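Student: Please take a close look at one loop of this model and follow the connections that lead out from it. I would like each term to come with its cut-offs.

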Amino acid sequence: MRPLSSFLQVIPILTALTLVVPTNAQVATDKSPRLAERDGRHALLVDGAPFLVLGAQIGNSSAWPSLLEEKVWPALESMHVNTAEAPVYWEQIEPQPGNFDWTNVDALLSGAREHNLHLILLWFGTWKNGNDHYVPQWVKTHPEKFPRMENSAGAPIDDLSANAPANMEADRAAFAALMRHLAEKDSSEHTVLMMQVENESGGIGAVRDFSAESNREFAGQVPAELVRALGKQPGTWSEVFPGTADESFQAWHQARYVNAIAEAGKREFNIPFYCNVWLAYPPAELPERRIATAGIGYPSGGPNQLMLPIWKFAAPSIDLIGPDLYSSDPSFYLNTLDTYARPDNPLWVPETGQGDVYAPYFFSALGRGAIGFSPFGVDWTGWLPKSTVPKAHAANYALVGSMDRTLAKLNFAGKLKTMTEVAGGASQQVIFFADPALHASGGVDDALINASLLANAMVAPAQVGNAATRVADQAGAWIAEARFGFPQRDGEGAPGSADKSGRVLVAQMGPNEFLLAGIGAAVFFHRPGYLPGIRMQILSAEEGYFTPASMPGAPEEWHRIRILNGDETDRGIRFPDPHAIPIGLDAAQPAGGDPASPSPRQHAPVSVRVLLDRF
Ligand code: DGJ
């Protein structure tokens, strides 16, 4: 078997050639979806402006024309998503080598457009959840041509080998054909926002490929470019990666395999590509797979927390890597978000649980600059009974759905912060400066002091707070404080909610102007060092809602419902308990329901715009 590494060496030459040869490939226009980076923050640009993916993924076997109208689109609409994640099956699009069937893909495109949704398509190719179950029969039944991965006993497992060029070439040809088809169908409409290349790639059943060829290579030196990129000393795999040599070897080959496929796809249609990850969970988090070992507890070779640095170097055609998050443990969830939110890796949660307990993490991801979020298995083909929606996720999306562009833009500018009860207790604070550059200057958090230390009106300005609060106050900073749970009685701390579901976003629209939205919380503003309401005033607090812009990229329109004052501001600006939220669930009807019933948008929950002043 010719090692893949020798094959990959010819790719740069081929790439250089294709640059000068005209092809029928559609070059993405500058309005095509693309990623932008500024000061380590990220945006997904759609039609030229930042877009926030309010996503949901349909079931593995749901992307069939026979199901879409009745069981898929209405479920997604009821949930207020703006983007559907849907699989494309290699076995379906290429039933015979080189013969392509676009029926399912075209049904997804036309249905999504009819239902005013974007798509993220998931390439179920060589890998699906650490196995090869979606490869066509003509691949499955010819292991002599398309070699399987071998375990340490030399037995084949349920995975194609990442070290076999024939496997990569076959997958690459199919994926390139898919991207060519999408370029033809979608280069002007921009229905498809991103492509997921493979699904939770990796091997279940072996930590690496143990074929004779791979064993020989494993005994040799780690490629110099990898050693250099990771800042390590040269040596064999076991020397460079003590304790994770086999998994690192697998990750390197797999990342390059996936990269070769992505590179070919990008030549056809250049939109953002990502990989999703089956994470390495602590054993207790996954009782049915108690051994947290690569190849057993999770697929070996995927871009999990530990292998991320190898993947970021080895797969440059993969723009981002997103964690599939199926543990609701707060420290696991938040640490994982922090691991994948990197200046070189936009944060994107391509899958998470659809249970209510996962919904507050949408706000945690937003607060870390996420470009999107997407619970799994939300259609009505099996995971959920017909006409039901994941309520807490739907509440989130209903809350922010009409201002998704506004939020994405503010987040890209570094002006959006969130507080989630699950992350840090019943009372939390965030600070905003008029000049966002000050955020980067350090010491900002020192200006956040415990509520019991905040000064009242009697204290002279020179004695308020500490040195950091005084500097922040002079720089015009504002602090937003969320208090979670109700009732909030005078003279008592916030009670928190029973299920820790409170969540709030605060975005700075101008030096003294803020946009708020949330669930299960009251928000107070104050100057650094002072109690809320001291030496400051609310000039206006408008409760209202946005409606989507008439043109892509234009600002969303604000509609005032009323001006809040008195108890509605003096006791914090309150966002209702999750169980009292009007999320338009009555609009969750199967297709053919009462056309006169109000659209979910008409139920859009309110947000509040606040203008502050100090004196
Ligand atoms: C993660 C996978 O990526 C999905 O396709 C699906 O199998 C879910 N797990 C099921 O929990």
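Tutor: Ser387 lies in the loop between strand E13 (372–375) and helix H15, where helices (H or I, at least four residues) and strands (E, at least two) are DSSP runs numbered from the N terminus. The phi angle of Ser387 is near 70°, a positive value in a residue other than glycine. This is a predicted model, in which local features need pLDDT of at least 70 and side-chain atom pairs count only at pLDDT 80 or more, while totals for chains, interfaces and linings use all residues. Residues are numbered from 1 along each chain as its sequence is written, and side-chain values use heavy atoms, with hydrogens and water left out.

On one side of this loop, E13 belongs to a barrel that eight parallel strands close in the order E4-E5-E6-E9-E10-E11-E12-E13; two strands count as paired if DSSP finds at least two bridges between them. From one strand to the next the twist averages 30°, with axes fitted as lines to C-alpha atoms (for helices over the stretch in contact) and angles running from 0 to 180 degrees between N-to-C directions. Within the barrel, strand E11 (residues 320–325) and strand E12 (residues 348–352) run parallel and are joined by two bridges, and Leu325 has Thr352 of E12 as its bridge partner.

On the other side of the loop, H15 (residues 391–400) packs on a sheet, touching E17 and strand E18 (513–519), with contact meaning heavy atoms within 4.5 Å; the direction of H15 makes about 160° with that of E18. That sheet is open and antiparallel, with six strands in the order E14-E17-E18-E23-E20-E21. Strands E14 (416–420) and E21 (557–563) stand at its edges with a single partner strand each, so one side of each has no neighbour in the sheet. E14 runs antiparallel to E17 (residues 503–510), and five bridges join them; Lys417, for instance, has Val506 in E17 as its bridge partner. The loop between strand E16 (478–484) and E17 holds Pro487, which a cis peptide bond, with omega about 0°, joins to Phe486.

The ligand's surroundings complete the picture. Residues with a heavy atom within 4 Å of the ligand include Asn60, Asn129, Asn199, Phe376 and Trp383, and the shell divides into three nonpolar, four polar and four charged residues. An oxygen atom of the ligand is 2.8 Å from an N or O atom in the side chain of Asn199, and for Asn60 such a distance is 2.9 Å. The protein covers 83% of the 300 Å² of accessible area that the ligand has on its own, as given by the Shrake-Rupley method with a 1.4 Å probe.

Methods
Polar contact = N/O pair within 3.5 Å; in protein donor to acceptor, adjacent residues only side chain to side chain. Nonpolar A, V, L, I, M, F, W, Y, C, P; charged D, E, K, R; others polar.
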